[in-house]
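Dear colleague,

Please find below the structure that I am handing over to you. My notes on what was found in it follow directly after.

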Amino acid sequence: MIAWLKKVGNTLLFGINVLFGLLLLGAYLAAWIPPSSWYIFSLFAIGYPFLFFVQCLFLGLWIYRRKRYAYWPLLLLLLGWNTVPTLFGFNGWSTEPFRAEALTILSYNAHYFSASSAPETARTDILSVIDHQTLDVLCGQEFTAKTLEASQAVQKALQAKAGLRYATL
């Protein structure tokens, strides 16, 4: 009776492992299938860290139980091994200072300059942040004002303050 329960339990666990494995394969496919054609793979990709972790747990479980089922999560993890460095940073710590030729990018979400009650205050706040930076590229999201003239005035002020040669809305 107990052997039968163990067999059913292992089969059920392996079925769950296969289900999560198929979801992980869907997450791997998200890199090659555009969301405009099949959005479901993008949803699987959101769960990639969880699915990866679940497969690691199943691999440990099957190795601990000395079952051949360990080949399935091992195969899945090996198939997606090239995606692991994007999930975890393996580049270590760098003691080198930044080189002068390094590209410096600042991205700022202005949220339509509604962070404060007055757009002028928001502009001043943004300019004070830029004061402490040496920038090559300044990216502004939600960077519009109520009129085109106001947007262009803010753009010119940011361009002059950051010392950028080019600017566009």
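**The two sides of helix H4**

In this predicted model, the buried residues of H4 are Pro-73, Leu-76 and Leu-77. Because they cover an arc of only 95° around the axis, these residues lie on the same side of H4. An α-helix has 3.6 residues a turn, so residues three or four places apart point the same way. On the other side of H4, the exposed residues are Tyr-71, Leu-78 and Leu-79.

**The nonpolar cores**

In soluble globular proteins, nonpolar side chains tend to be buried together. Here, the largest nonpolar core consists of 14 residues. Leu-24, Tyr-48 and Phe-52 have the most contacts inside this core. At least two of its residues come from each of three helices: H1 (2-29), H3 (48-64) and H4 (71-79). Which helix gives the most to this core? That helix is H3, with 7 residues. Another core, of 8 residues, lies apart from the largest one; among its members are Ile-126, Leu-135, Ala-162 and Leu-164.

**A nonpolar patch on the surface**

Nonpolar residues also appear on the surface, where Trp-38, Tyr-39, Ile-40, Leu-43 and Ile-46 form a patch. Together they have about 590 Å² of accessible area. One of them, Ile-46, lies in helix H2, which covers residues 40-46. Is Ile-46 buried or exposed? Ile-46 counts as exposed because its relative accessible area is 65%, and exposed means over 50%.

With kind regards

Methods: Residues are numbered from 1 along each chain as its sequence is written. This is a predicted model: local features need pLDDT of at least 70, side-chain atom pairs count only at pLDDT 80 or more; totals for chains, interfaces and linings use all residues. Side-chain values use heavy atoms; hydrogens and water are left out. A nonpolar core is a set of buried Ala, Val, Leu, Ile, Met, Phe, Trp, Tyr and Cys residues joined through side-chain atoms within 4.5 Å. Buried means under 20% relative accessible area, exposed over 50%, partly exposed in between (1.4 Å probe, protein chains only). Helices (H or I, at least four residues) and strands (E, at least two) are DSSP runs, numbered from the N terminus. Patches are made of residues with over 30% relative accessible area and no salt bridge: like charges are joined within 9 Å, nonpolar side chains (Val, Leu, Ile, Met, Phe, Trp, Tyr) within 5 Å. Accessible areas come from the Shrake-Rupley method with a 1.4 Å probe; for residues, only the protein chains shown count as cover. A salt bridge is a side-chain nitrogen of Lys or Arg within 4 Å of a carboxyl oxygen of Asp or Glu. The arc is that of the directions from the helix axis to the C-beta atoms.
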